[in-house]
Amino acid sequence: MPLKPNGALCRVREQIIEDSASGLTLQFECDDGRLRIVLAGKALSLGNREILFDQEGREAGAGTLVGEFRKPNWLKGV
């Protein structure tokens, strides 16, 4: 994955975004300072996806999400 020249680090809060127009759900999680993004929805014909980033914000891996995407019980509308 190409990095933007002189790209700055940015913080992303853990959250879930449901885009009703596309039918996609984006879930941002942080584990030991490493970001994980899950893309889920019926629009993804080859299955739900996950993208992992290292502590420097570079892509560390990507692939099909193993298992089923489940919404957490704490999820509330804003």
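Okay, let's start with a pair of side chains: D32 and R34 meet in a salt bridge, with 3.9 Å from N to O. Keep in mind that we're looking at a predicted model here. With the cut-off at 4 Å, that pair counts as a salt bridge. How covered are the two partners? D32 is exposed, because its relative accessibility is 57%, over the 50% mark. R34 comes in at 39%, so R34 is only called partly exposed.

So how many salt bridges are there by this rule? The count is 4. Let me take you through some more of them.

Next up is E50 with R36, where the N to O distance is 2.8 Å. This one ties together distant parts of the chain: E50 sits in strand β4, residues 49-53, while R36 belongs to strand β3, residues 34-40, and the two are 14 residues apart. Is E50 buried or exposed? Buried, because its relative accessible area is 18% and the limit for that label is 20%. R36, at 23%, is partly exposed. And the pair isn't on its own, since E29 joins R36 and E50 in a network of salt bridges.

Then there's D54 with R58, another salt bridge, at 3.4 Å from N to O. Both ends get the partly exposed label: D54 has 24% relative accessibility, and R58 has 40%.

Let me step back to the whole chain for a minute. What is it built from, in helices and strands? There are 0 helices and 5 strands, so reading from the N terminus you just get β-β-β-β-β. The C-alpha trace spans about 35 × 30 × 25 Å along its principal axes. Of the 78 residues, 17% are buried. If you take contacts between residues at least 6 apart in sequence, 16% of them join residues at least 24 apart. On the surface side, the chain exposes about 6500 Å², and carbon and sulfur atoms supply 51% of that.

Since I opened with charges, here's the overall tally: 11 positive and 11 negative side chains, and the centres of those two sets lie 4 Å apart.

Now, two residues I'd like you to click on. The first is N48, in the loop between β3 and β4. Loop or not, N48 counts as buried, because its relative accessibility is 18%, under the 20% limit. What does N48 touch, once you ignore residues up to four places away in sequence? There's L39, A40 and G41, and then G63, T64, L65 and F69. With G41 there's a polar detail as well: a polar atom of the N48 side chain lies 3.1 Å from the backbone nitrogen of G41.

The other one is A60, in strand β5, which covers residues 59-64. A60 is exposed, with a relative accessible area of 55%. Leaving aside neighbours within four places in sequence, A60 is in contact with L52, F53 and D54, and D54 is the residue we just met bridging to R58. A60 also brings us back to R36: the two are 24 residues apart along the chain, and their C-alpha atoms are separated by 9.7 Å.

So if you look at one spot while we chat, make it R36: a salt bridge to E50, and a place in the network with E29 and E50. That's what I have, thanks.

Definitions and conventions. Residues are numbered from 1 along each chain as its sequence is written. This is a predicted model: local features need pLDDT of at least 70, side-chain atom pairs count only at pLDDT 80 or more; totals for chains, interfaces and linings use all residues. Side-chain values use heavy atoms; hydrogens and water are left out. Buried means under 20% relative accessible area, exposed over 50%, partly exposed in between (1.4 Å probe, protein chains only). Helices (H or I, at least four residues) and strands (E, at least two) are DSSP runs, numbered from the N terminus. Contact means heavy atoms within 4.5 Å. Accessible areas come from the Shrake-Rupley method with a 1.4 Å probe; for residues, only the protein chains shown count as cover. Lys and Arg count as positive and Asp and Glu as negative; His and the chain ends are not counted. The place of a charge is taken as NZ of Lys, CZ of Arg, CG of Asp or CD of Glu. A polar contact is a pair of N or O atoms within 3.5 Å; within protein, one must be able to donate a hydrogen and the other to accept it, and residues adjacent in sequence count only if both atoms are side-chain atoms.
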